[in-house]
Amino acid sequence: AANDTTSSVVGAVCAAALIAGGLWLEHCLRTPDDPDEPKDR
């Protein structure tokens, strides 16, 4: 089990990086609000 520690840490860091990248892309690629709609909805 001690030999698997390095690979599991690398896998966890890569998974966190993929999640952060996905959230960043979701933030960047939002469609703009329609200016014709009122803001109170």
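Here a colleague asks a modeller about a predicted model of a single protein chain.

Colleague: What is the secondary structure of the protein chain?
Modeller: The chain has one helix and zero strands. That helix, H1, covers residues 5-28.

Colleague: Where does UniProt place the "transmembrane region"?
Modeller: An unreviewed UniProt entry puts that feature at residues 6-25. Keep in mind that such annotations may be inferred rather than shown by experiment. In the model, this span is 100% helix and 0% strand, with its end C-alpha atoms 29 Å apart.

Colleague: Why is Trp24 called exposed?
Modeller: Exposed means over 50% relative accessible area. Trp24 reaches 55%, so it counts as exposed. Trp24 sits in helix H1, and together with Leu25 and Leu29 it makes a nonpolar surface patch of about 370 Å².

Colleague: Why does Cys14 count as partly exposed?
Modeller: The partly exposed class lies between the buried limit of 20% and the exposed limit of 50%. Cys14 has 43% relative accessibility, so it falls in that class. Cys28, at 41%, is therefore partly exposed too.

Colleague: How many disulfides does a search of the whole structure find?
Modeller: It finds zero. A disulfide is a covalent bond between the sulfur atoms of two cysteines. To be counted here, a pair of cysteine sulfur atoms must lie within 2.5 Å, and the search turned up no such pair.

Colleague: What makes the contact between His27 and Arg30 a polar one?
Modeller: The cut-off for a pair of N or O atoms is 3.5 Å. The backbone oxygen of His27 lies 3.2 Å from a polar side-chain atom of Arg30, so the distance fits within that cut-off. Arg30 belongs to the segment after H1, and with 57% relative accessibility it counts as exposed.

Colleague: What share of the residues counts as buried?
Modeller: Of the 41 residues, 0% do. Buried would mean under 20% relative accessible area. The accessible surface of the chain comes to about 4,000 Å², and 62% of it belongs to carbon and sulfur atoms.

Key: Residues numbered from 1 in each chain as written. Predicted model: local features only at pLDDT ≥ 70, side-chain atom pairs only at ≥ 80, totals over all residues. Heavy atoms only, no water. Helix = DSSP H or I, 4+ residues; strand = E, 2+ residues; numbered from the N terminus. Buried < 20%, exposed > 50% of the residue type's maximum accessible area, 1.4 Å probe, protein only. Areas by Shrake-Rupley, 256 points an atom, 1.4 Å probe, with all protein chains shown as cover. Patch = residues over 30% accessible without salt bridge, like charges linked within 9 Å, V, L, I, M, F, W, Y side chains within 5 Å. Salt bridge = Lys/Arg side-chain N within 4 Å of Asp/Glu carboxyl O. Polar contact = N/O pair within 3.5 Å; in protein donor to acceptor, adjacent residues only side chain to side chain.
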